[in-house]
Amino acid sequence: RWGRVVARLDAGTMPPSGSERPPAADVAAVLTWAKTELASAAKAYRPNGRARLRRLNRLEYENTVHDLLGVRTPLRDLLPADDSADGFDTAAQALTISPVHIARSMDAANAALRDAAVRGPKPESVTTRFSYDHEKEKYFMTHGNNQPGIRPRNGGEVHFFSEPHIEVPARLNQFAERTRTSPGRYKVRVSAYTQDAKGESLAYLVRTTQSRELLGYFDAPPDKPGVVEVEHWFGPNDTVVVAPYRLNDARRARKFSQYPPKPWREPDGLALAIQWVEVEGPLNEAWPPVGHGRLYGDSPLKPFKELPKDVVTPGPLQALRNTDKLTPVPADAAATAKAAVRDFLARAFRRPVTHDDAAPYLALVTERLAKNECFESAMRAAHVAALCSPDFLFLVEEPGPLTDHALAARLSYFLWRTAPDDALRAAADRGELRRPEVLRRETDRLLASPRSAAFVN
């Protein structure tokens, strides 16, 4: 309000035109006093680091749920599109919320919670070597737009004399069959070389099919195979595409035709040779995975069909009722729920939680257990409520100087677009993060991580 007073006096629009005006010296004195007081108040206010209450945008929601539950379920497209202000979709004034957001957030939460739950024994990690010269890749290899310039060679190798047609990429179907039943983190190795190199190296790229996420560009060494390795989380039916990069340009520069001339004959000259693609996984360092543990603690797992007949499995769990799929069954449901809910809320809310914080969520679990719902169903009610609560959906900062945990959240979402990791949370738990040397150390650590690419992007 005082800022508006100063603006009006500065512009001479107050007092209104035609009214008696005070002497110019008096106006100048009032302006000097008001500006001095405003500057002093701003200086005193600035250390509090105040900012508008801000909702997580779609990317931040997805990243946060992924890190919290250890899943890679696509969630962004389940949420309403974010508006932007001044070209940014992280501006508080543009990130509104409505009943539609809450409904969609519930859908996204349920999808992520479904994928985080363990349903079977630990999948065996297997290393398998695939070749594009295989019956299951026949559609790609024999397609009319690919076959003239993409040819099998040397007992399993595939030589690219031209780039694949954009609608028929080199999608590795054999790997998709693996991820269909065993999604997870895999290592992917590619052995490739440049044929007829004459000292140059052709480039190729590796990307996923479903998310179309680029895993990297690589050089195929001249005339001698070289192996590269990438590691990535693959969802159900996801696989890799290995494709030459700007091969057609390179062949034209060497005066080779893009396609063999007619009458049709075998292509020759400069080519990208893919010897094989090898996958190792799924890579599960812990079982059950970390996300499952955060949801249900260390509860033992039992098949749904072994639950007592009077136990209720509502909603989507009903379809699993008479199957061998697994579900957590703790010896003491109430005690396990109390510990697991407190731990989950502290991670979801990005701060320590009190008894009062946890009480309404534990009440949801208790109410459903009293109705004889299975433990997983009772816990899911609390988990969905937490993932749709203001404490999760918003960057909550209390009045006054930022707490260590609020500072940790602001720093992490700024540089990583996701919640603080364990190291940053530990610094906040110790009350050290506001110390300048600790804050600088943690900032340098976050910037040094590959995850800081999220800041640039």
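**Exercise 1.** Which residues does F349 touch, not counting residues up to four places away in sequence?

*Solution.* Some ground rules before we start. This is a predicted model, where local features need pLDDT of at least 70, side-chain atom pairs count only at pLDDT 80 or more, and totals for chains, interfaces and linings use all residues. Residues are numbered from 1 along each chain as its sequence is written, and side-chain values use heavy atoms, with hydrogens and water left out.

Step 1: take contact as heavy atoms within 4.5 Å. Step 2: skip the residues up to four places away, and F349 touches Y361, A386, S389, D391 and F392.

**Exercise 2.** Place F349 in the largest nonpolar core, and find which helix gives the largest share of that core.

*Solution.* Step 1: pin down the terms. A nonpolar core is a set of buried Ala, Val, Leu, Ile, Met, Phe, Trp, Tyr and Cys residues joined through side-chain atoms within 4.5 Å. Buried is under 20% relative accessible area, exposed is over 50%, and partly exposed is in between (1.4 Å probe, protein chains only).

Step 2: look at the members. The largest core has 40 residues, and F349 is among those touching the most other members, along with Y61, L69, F344, L345, M379 and F392.

Step 3: go by element, with helices (H or I, at least four residues) and strands (E, at least two) being DSSP runs numbered from the N terminus. Helices that each supply at least two core residues include α3 (58-69), α9 (333-349) and α11 (375-387). The largest share, eight residues, comes from α9.

Step 4: try one residue of that helix. A337 is found in α9 and is buried, at 3% relative accessible area. Leaving aside neighbours within four places in sequence, A337 is in contact with L362, V365, F375 and M379.

**Exercise 3.** Work out how strand β5 is paired, and what surrounds F234.

*Solution.* Step 1: check burial. Nine of the 12 residues of β5 (residues 184-195) are buried, so the strand is largely enclosed by the rest of the structure.

Step 2: find the partners, given that two strands pair if DSSP finds at least two bridges between them. β5 runs antiparallel to β8 (residues 226-234) over nine bridges, and nine bridges also join β5 to β10 (residues 271-281), again antiparallel. For landmarks, A192 bridges to G226 in β8, while Y193 bridges to A273 in β10.

Step 3: turn to F234, which sits in β8. At 0% relative accessibility, F234 counts as buried. Beyond its neighbours within four places in sequence, F234 has contacts including F175, Y186, V188, L215 and V240.

**Exercise 4.** Track down the cis peptide bonds at P15 and P282, then the positive phi values at D86 and K198.

*Solution.* Step 1: the M14 to P15 bond is cis, with omega near -10 degrees, and P15 lies in the loop between α1 (2-11) and α2 (24-45). Step 2: G281 and P282 are joined by a cis bond with omega about 0 degrees, and P282 is in the loop between β10 and α8.

Step 3: D86 isn't a glycine, yet has a positive phi of about 55 degrees. D86 is in the loop between α3 and α4 and, at 72% relative accessibility, counts as exposed. Step 4: K198 has phi near 50 degrees, is found in the loop between β5 and β6 (202-208), and counts as exposed at 66% relative accessibility.
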